[in-house]
Amino acid sequence: MLTALVVGAAPLPAIAAGFDITVLGARGGLEDGNLSAYMVHPIGDPRAVLCDAGSVLHGLQVADRHGALDDVPMPTEAPETRPGYVLHHVIRGYLVSHAHLDHVAGLVLVSPDDSAKPIYALPSVNMVLSRDLFNGAVWPNNGDRGAPPQLGLYHYQDIVAGRPVGLAGTGMRVTAFPLSHGSVESTAFLLRSGGDAMLYLGDTGADAVEHSTRLRALWQAVAPLVRAHRLRGIVIECSYDDTHPDTQLWGHLSPRWLLRELAALQDIAHTPLRGMPVLVAHMKPSLRRGPDPVAVIPAELRSGNDMGVDFIVPEQGMRLRWGR
């Protein structure tokens, strides 16, 4: 298992197969302009998708300033800026885990100058997007469902949970798994390219807190990939530090619950997770005086990390390479 990351224009190491991930938005809630959005493509194939779209244009601009887009093949005669070119031609679709604003605000705001793309989501998520956001009242209906006039820029593609689907215009396919996020259905996306896989989870609570078995079902589905050493990394949320009681997690994870869920995956897979890259997404800033949760959460994870997983704290503009 190999993890490499770039902040700025340092060269990425050569890896035979796997995934490139560029962080367009790293945090959860509050911090407008830096909200959940991860651009993913296979190594050597720039055709990408966004896993969630809380911050899109601003995230691309920050990534460009950090040099994370420098190797995007771009025609010299292209009329767009590099972020504009990536938006219009490199990003081929959106995987939306759920319709909370910190996961879709960037998609809504960039839509007046976006190119036509599919939105891949569970039916419950696409229903909310078409009914409550792109509905002609909150925002023009840029989709192909819902209130007229339908501008048709985005095609809603419902995903059947557990059934792989190809991501049009890319070299990837995805399988969606429902997650419990309080009263909202969220989604985990298992992305595959060749024999390699990576796992992106939208917001989720722990099974024991959510009175659910959805994470266990997800761990059972990906366990064969762990055993085969084909799962290249996991993006999973950890929104609050361990001072938050379970009754105030609101469908999110804290370090103790994230560690328990990863231990459950390790037990189900019967394979150590040592060295597995785990990107800790959706950490929520605090407006209270005192320690910064973005420092406290990783420290709490490290203190309980007897599995030896490789916890990564994402920053906007960071680029990672997960592969072999």
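A residue counts as buried when its relative accessible area is under 20%. Keep that cut-off handy for the exercises below, and remember that the model you're looking at is predicted.

**Exercise 1. Two tyrosines that meet**

Task: Work out how the rings of tyrosine 38 and tyrosine 200 are arranged, and whether each residue is buried or exposed.

Solution:
- Step 1: Start with burial. Tyrosine 200 has a relative accessible area of 2%, so it is buried. Tyrosine 38 comes out at 1%, so it counts as buried too.
- Step 2: Find them in the chain. Tyrosine 38 sits in strand β3, and tyrosine 200 in strand β11 (residues 196-201). With their positions 162 residues apart, the pair links distant parts of the chain.
- Step 3: Look at the geometry. A pair of aromatic rings is described by the distance of the centres and the angle of the planes. Here the ring centres are 5.8 Å apart and the planes are at 50°, so the pair is tilted.

**Exercise 2. Another aromatic pair**

Task: Classify the pair formed by tyrosine 94 and tyrosine 154, then say which cluster they belong to.

Solution:
- Step 1: The ring centres of tyrosine 94 and tyrosine 154 are 6.0 Å apart, with the planes at 90°. Planes over 60 degrees apart count as edge-to-face, so that is the class of this pair.
- Step 2: Place the partners. Tyrosine 94 belongs to strand β5 (residues 91-95) and tyrosine 154 to strand β7 (residues 154-158), 60 residues apart.
- Step 3: Check burial. Tyrosine 94 has a relative accessible area of 0%, so it's buried. Tyrosine 154 is buried as well, also with a value of 0%.
- Step 4: Widen the view. Tyr94 and Tyr154 form one aromatic cluster together with Phe134. The structure's count of aromatic pairs is three.

**Exercise 3. Hunting for disulfides**

Task: Explain why cysteine 51 and cysteine 238 are in no disulfide.

Solution:
- Step 1: Recall the idea. A disulfide is a covalent bond between the sulfur atoms of two cysteines.
- Step 2: Apply the cut-off. The two sulfur atoms have to lie within 2.5 Å.
- Step 3: Compare. For cysteine 51, the nearest cysteine sulfur is that of cysteine 238, 19 Å away. Because the limit is 2.5 Å, the two don't qualify. The disulfide count is zero.
- Step 4: Add the surroundings. Cysteine 51 has 0% relative accessibility, so it counts as buried. Cysteine 238 is also at 0%, so it counts as buried.

**Exercise 4. Following the strands**

Task: Describe the partners of strand β2, then find the edges of the seven-stranded sheet.

Solution:
- Step 1: β2 covers residues 18-25, and eight of its eight residues are buried.
- Step 2: One partner is β15 (residues 319-323), paired in the antiparallel sense over five bridges. There, glycine 18 has glycine 323 as its bridge partner.
- Step 3: Another partner is β3 (residues 37-42), again antiparallel, with six bridges. Aspartate 20 stands opposite histidine 41 in that strand.
- Step 4: Now switch to the open sheet of seven strands. Its order is β8-β9-β10-β11-β12-β13-β14, with mixed pairing. At the edges are β8 (165-166) and β14 (310-312), each with a single partner strand, so one side of each has no neighbour in the sheet.
- Step 5: Zoom in on one pairing. β12 (residues 231-237) and β13 (residues 277-281) run parallel, joined by four bridges. Isoleucine 236 is matched with valine 280 in β13.

**Exercise 5. Empty space**

Task: Describe the largest cavity and the largest pocket by volume and lining.

Solution:
- Step 1: The structure has one cavity of 30 Å³ or more. The largest cavity holds about 30 Å³ of space.
- Step 2: Read its lining. Among the lining residues are Ser36, His103, Asp203, Glu237 and His282, and Tyr200 from Exercise 1 is there too. By class, the lining has three nonpolar, four polar and two charged residues.
- Step 3: Move to the largest pocket, with about 350 Å³ of space. It is lined by 17 residues, and the closest to its centre are His244, Pro285, Ser286, Arg288 and Pro293.
- Step 4: Sort the pocket lining by class: six nonpolar, seven polar and four charged residues.

Key:
Residues numbered from 1 in each chain as written. Predicted model: local features only at pLDDT ≥ 70, side-chain atom pairs only at ≥ 80, totals over all residues. Heavy atoms only, no water. 1 Å grid on protein atoms, 1.4 Å probe; cavity = no way out; pocket = protein on both sides within 12 Å on 5 of 7 lines; lining within 4 Å. Points joined across faces, edges and corners; volume = space filled by probe spheres on them. Nonpolar A, V, L, I, M, F, W, Y, C, P; charged D, E, K, R; others polar. Pairing = 2+ DSSP bridges. Helix = DSSP H or I, 4+ residues; strand = E, 2+ residues; numbered from the N terminus. Buried < 20%, exposed > 50% of the residue type's maximum accessible area, 1.4 Å probe, protein only. Phe/Tyr/Trp six-rings, centres within 6.5 Å; stacked < 30°, edge-to-face > 60°.
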